[in-house]
Amino acid sequence: MSLGNVTRMTRRNALTAALAFALLVSCTMTVRTPQAVAEPETVVLLSHGRSSSLVLPFAESEAVRYAFGDWRYYALGEKGSGDALAALLWPTAAAFGRRVTERGPDPRLGLAANVGIGWDEAFPIRVEREAVAALRGRLEALFAANLATRLYNPAPNLVFVRPPESYGVINNSNQKVAAWLEELGCEVRGVRLLSRWRVKGPAP
């Protein structure tokens, strides 16, 4: 192989790496938390690698984790290549997951201490208590309205129901969690594709 070919391959590899890096950066979502919070409440954003979920305070000693995904892949646990491809390429039945757990001793990350599944990153976020109550009320009503489809999957440790909407590349778990954060008064910027988060704002 000539020196010229090696140089062209090196440049091509460098360009590919740069484009890949730019794609990853562009897929990072930046969450800007509310600056002024009159009655603070802490929620926890969990990144599970490819997907995300949100943990809210539920009662004085409890927390509730909410998640969203594809029904066959996430709720039924059918994770063959065909199921994964279907979940990515076209709208499919959605799954809305919920689980109530005990809080841990830490007042912030303690919300997520007993969710029964690991995470890559956890972000405590301070928001208004009234906004938390409103979002939790809406999500609880959504879950209750679809109890006839209830199904427990021990792998993600969640009880799922089928909401009246579709899952897809433009309505995935990360986009859903971003929308929930916006309901809590946060500003979310970036491509809502991957579970890549950066949180900016006052520490809880």
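Accessible areas here come from the Shrake-Rupley method with a 1.4 Å probe. On that basis, the protein exposes about 10800 Å², with carbon and sulfur atoms supplying 57% of it. Keep in mind that you're looking at a predicted model. It has 204 residues, and 40% of them count as buried.

**The overall picture**

- The protein contains 5 helices and 11 strands.
- Take the contacts between residues with a separation of 6 or more: 73% of them come from residues 24 or more positions apart.

**Thr28, in a loop**

- You'll find Thr28 in the loop that runs between helix 1 (3-26) and strand 1 (29-32).
- Thr28 has a relative accessibility of 12%, so it counts as buried, the cut-off being under 20%.
- Setting aside neighbours within four places in sequence, Thr28 is in contact with Arg189, Gly190 and Val191, and also with Arg196, Trp197 and Arg198.
- With one of these, Arg196, there is a polar contact from side chain to side chain, at 3.4 Å.

**Helix 4, with a buried side**

- Helix 4 covers residues 129-145, which makes 17 residues.
- From first C-alpha to last, helix 4 reaches 24 Å, close to the 24 Å expected at 1.5 Å a residue.
- Its buried residues are Ala131, Val132, Leu135, Leu139, Glu140 and Phe143.
- Those residues all sit on the same side of helix 4, because they cover an arc of only 160° around the axis.
- Look at the other side of helix 4 and you'll see Glu130 and Ala145, which are exposed.

**Helix 5, mostly covered**

- Helix 5 takes in residues 173-183, and 8 of its 11 residues are buried.
- The buried set begins with Ser173, Asn174, Gln175 and Lys176, and goes on with Val177, Ala178, Trp180 and Leu181.
- Where helix 5 starts, Asn172 points a side-chain oxygen at the backbone nitrogen of Asn174, reaching to within 3.1 Å of it.
- After helix 5 comes Gly185, which has a positive phi, near 95°.

**Worth a look in the viewer**

- For helix 4, start at Leu135 and Leu139, which are among its buried residues, then turn to Glu130 and Ala145 on the other side.
- For helix 5, try Trp180, one of its buried residues, and then go on to Gly185, which follows the helix.
- For the loop, pick out Thr28 together with Arg196, whose side chains make the polar contact.

Notes:
Residues are numbered from 1 along each chain as its sequence is written. This is a predicted model: local features need pLDDT of at least 70, side-chain atom pairs count only at pLDDT 80 or more; totals for chains, interfaces and linings use all residues. Side-chain values use heavy atoms; hydrogens and water are left out. Helices (H or I, at least four residues) and strands (E, at least two) are DSSP runs, numbered from the N terminus. Buried means under 20% relative accessible area, exposed over 50%, partly exposed in between (1.4 Å probe, protein chains only). Contact means heavy atoms within 4.5 Å. A polar contact is a pair of N or O atoms within 3.5 Å; within protein, one must be able to donate a hydrogen and the other to accept it, and residues adjacent in sequence count only if both atoms are side-chain atoms. The expected span of a helix is 1.5 Å times one less than its number of residues. The arc is that of the directions from the helix axis to the C-beta atoms.
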